[in-house]
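User: Hi! I am new to this structure and would like to know how its labels are earned. Could you walk me through a few of them?
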Amino acid sequence: MCLFPPCLEQQLDPPQKERLTAALVEMGQQLRKLADTPWLCQPVEPGEEENVMLDLSKRSRSGKFRLVTKFKKEKNNKNREARSSLGAPVHLWGTEEVAAWLEHLSLCEYKDIFTRHDIRGSELLHLERRDLKDLGVTKVGHMKRILCGIKELSRSTPAAEA
């Protein structure tokens, strides 16, 4: 089986022809391996390439590859799980529940500080940036994580509770 068109075959020297043939055979083997990966590509029969290209061009953006972040969903589910595992409404939390919530946020280093300052659920819901600074939270990322967590807790707490 000849891999080259007749006009190209006459222009190649034997060593070039051998290297090109070997490279094309290797490429074919690699492509077959990729084709065996079901999630990577859709099998296309010979002659269907044009139809497939038309179908792909008609698709909207949603048909193209895109990254879908699960982070937000997982984060929201995690917050719901934490609230439900802590049981009581936030405004009824004691220092232990607040400490568990900080642990859930991966901010265990502040558990003792919040406990020593007797931060309970009702105080937690009203903490602001300057309060966190007074408590010794100096890292901006930690402040933001705590404030975002408080905002999530406030959203989940009905107005009558707070």
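Analyst: Happy to! R120 has a relative accessibility of 38%, so R120 counts as partly exposed. This is a predicted model, where local features need pLDDT of at least 70, side-chain atom pairs count only at pLDDT 80 or more, and totals for chains, interfaces and linings use all residues. Residues are numbered from 1 along each chain as its sequence is written, and side-chain values use heavy atoms, leaving out hydrogens and water.

User: Why is R120 called partly exposed?

Analyst: Buried means under 20% relative accessible area, exposed means over 50%, and partly exposed is in between (1.4 Å probe, protein chains only). R120 is at 38%, therefore partly exposed.

User: What makes the contact of R120 and D118 a salt bridge?

Analyst: A salt bridge needs a side-chain nitrogen of Lys or Arg within 4 Å of a carboxyl oxygen of Asp or Glu. For R120 and D118 the N to O value is 3.1 Å, so the pair fits the definition. Its partner D118, with 36%, is partly exposed as well.

User: How do you know whether E152 and R155 are buried or exposed?

Analyst: E152 has 17% relative accessibility and therefore counts as buried, whereas R155, with 58%, is exposed. Their side chains also meet in a salt bridge, at 2.6 Å from N to O.

User: Where do R155 and E152 lie?

Analyst: Both are in helix α9, three residues apart, about one turn of the helix. Helices here are DSSP runs (H or I, at least four residues), numbered from the N terminus.

Technical notes:
Helix = DSSP H or I, 4+ residues; strand = E, 2+ residues; numbered from the N terminus.
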